[in-house]
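Me: I should like to go through this structure and ask, point by point, what justifies each description of it. Please set each value against its criterion.

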Amino acid sequence: MKVTGDEPEPVDVEALYAEVHPGLYRYCHRLTGDPDAAADVAQEAFVRLVERDVQGAPHELRAWLFKVATHRIRDRFRTRENRRRLLEIHPVLPGAAPDPDDEVERAQRVGRVREVLERLNLRDRELLLMREEGFSYKEMADAVGVAPGSVGTLLARALARFADALRAEGIHATG
C-alpha cells in the first residue's frame with residue numbers, strides 16, 4: 001500500500017519511530033486509559049507499517065499510524081464490550097476444579113453420542129443439529145428441501161431414531 005502516488009523515498013522507520021512514537025503513545029494512552037494497552041496499540045501500528053511496506057512522506061505516515069491506532073483501539077473496545085456483555089449474561093462462577101475422572105467419562109460419552117449421530121441418515125442429522133441451533137421449521141424446511149408442514153413429523157421421527165440408537169448403545173438420554 002502506498003500513501004502517495006509519487007515515487008517516495010524509502011521510509012526510515014527508526015527515525016519515524018523516534019519522531020512519532022511518543023505522541024502516538026500519548027494519544028493511545030489518553031484514549032484507552034491503560035498504559036500497557038497504549039504501548040501495545042502503538043507498537044501494532046508500527047508493525048503494520050513495516051509489514052505492509054507503507055510508503056509516503058513523514059506527515060502522511062504519521063496520519064496513517066494514528067488512523068491505524070484509532071482503529072485498533074476501537075476493535076479492542078468492541079471486543080472488551082462484547083466480553084463484558086457475555087459475562088453479564090453468562091457469569092463465570094468460581095467453583096471447584098472438575099474431577100478428572102468425570103471429565104474423561106464425559107468426553108467418552110460425548111464421543112459415543114457423536115458416533116451415534118453420525119450413523120443417522122443425513123437429513124435426520126441435519127434436522128437435529130439445526131433444531132439444536134434454534135432454526136425455525138421454515139428455515140429447516142428450506143435447508144433440507146421439504147415442505148414446512150412436514151418438518152415437525154420429520155423431526156419427531158429423527159428424534160425417535162436418535163433416541164433408539166442411543167438406547168441401543170446403552171447411552172441414557174437426558175433432557
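Reply: A suitable starting place is Asp53, which sits in the loop between α2 and α3. Please bear in mind that the model is predicted.

Me: What makes the phi of Asp53 worth a remark?

Reply: Its phi is near 50 degrees, which is a positive value in a residue other than glycine. A positive phi also occurs at Gly33, which follows α1 and has a value near 75 degrees.

Me: Why is Asp53 called partly exposed?

Reply: The relative accessible area of Asp53 is 43%. Buried means under 20% and exposed means over 50%, so Asp53, at 43%, is partly exposed.

Me: What is the make-up of the protein chain in helices and strands?

Reply: The chain has seven helices and zero strands. Along the sequence the pattern reads α-α-α-α-α-α-α.

Me: Why is the protein chain described as more spread out than a compact globule?

Reply: The globule rule gives 16 Å for 175 residues, whereas the radius of gyration is 28 Å, well over that figure; the chain is therefore more spread out than a compact globule. Along the principal axes, the C-alpha trace spans about 70 × 45 × 25 Å. Buried residues account for 26% of the 175 residues.

Me: How do you know that α2 has the span expected of its 17 residues?

Reply: At 1.5 Å a residue, α2 should span 24 Å, and its end C-alpha atoms are 24 Å apart, so the two values agree.

Me: What makes α1 depart from a straight helix?

Reply: α1 has 20 residues, and a straight helix would reach 28 Å at 1.5 Å a residue; the end C-alpha atoms of α1 are only 25 Å apart. A kink of about 45 degrees lies at Val20 in α1, shortly before the proline Pro22.

Me: Which residues of α1 are buried, and what covers them?

Reply: The buried residues of α1 are Leu16, Val20, His21, Gly23, Leu24 and Cys28. Their cover includes α2 and α3. In α2, the buried residues are Ala37, Ala38, Val41, Ala42, Ala45, Phe46 and Leu49, and what covers them includes α1 and α3.

Me: Which members of the largest nonpolar core touch the most other members?

Reply: Of its 18 residues, these are Leu16, Val20, Leu24, Cys28, Phe46, Leu49 and Leu65. Helices α1 (13-32), α2 (35-51) and α3 (58-89) each supply at least two residues of this core, and α3 gives the largest share, seven residues. A second, separate core has 17 residues, including Leu117, Leu127, Val144 and Phe162.

Me: What does Cys28 touch beyond its neighbours in sequence?

Reply: Leaving aside residues up to four places away in sequence, Cys28 touches Gly33, Ala38, Val41, Ala42, Ala69 and Ile73.

Me: How many aromatic pairs are found in the whole structure?

Reply: The search finds two aromatic pairs. One of them is formed by Tyr17 and Phe46, with 4.9 Å from centre to centre and 65 degrees between the planes.

Me: Why is the pair of Tyr17 and Phe46 called edge-to-face?

Reply: Planes over 60 degrees apart count as edge-to-face, and the planes of Tyr17 and Phe46 are 65 degrees apart, so the pair falls in that class. Tyr17 lies in helix α1 and Phe46 in helix α2, so the pair ties together parts that are 29 residues apart in sequence. Tyr17 is partly exposed at 32%, whereas Phe46, at 4% relative accessibility, counts as buried.

Me: What makes the pair of Tyr27 and Phe66 tilted?

Reply: The ring centres of Tyr27 and Phe66 are 5.1 Å apart and their planes stand at 50 degrees. Planes under 30 degrees apart count as stacked and over 60 as edge-to-face; at 50 degrees, this pair is therefore tilted. Tyr27 lies in helix α1 and Phe66 in helix α3, so the pair ties together parts that are 39 residues apart in sequence.

Me: How do you know that Phe66 is buried?

Reply: Buried means under 20% relative accessible area, and Phe66 has 16%, so Phe66 counts as buried. Its partner Tyr27, at 26%, is partly exposed.

Definitions and conventions
Residues numbered from 1 in each chain as written. Predicted model: local features only at pLDDT ≥ 70, side-chain atom pairs only at ≥ 80, totals over all residues. Heavy atoms only, no water. Core = buried A, V, L, I, M, F, W, Y, C linked by side-chain atoms within 4.5 Å. Buried < 20%, exposed > 50% of the residue type's maximum accessible area, 1.4 Å probe, protein only. Helix = DSSP H or I, 4+ residues; strand = E, 2+ residues; numbered from the N terminus. Contact = heavy atoms within 4.5 Å. Expected span 1.5 Å × (residues − 1). Bend = angle between axes of the 7 residues up to and from the residue. Phe/Tyr/Trp six-rings, centres within 6.5 Å; stacked < 30°, edge-to-face > 60°. Rg over C-alpha atoms; globule rule 2.2 N^0.38 Å.
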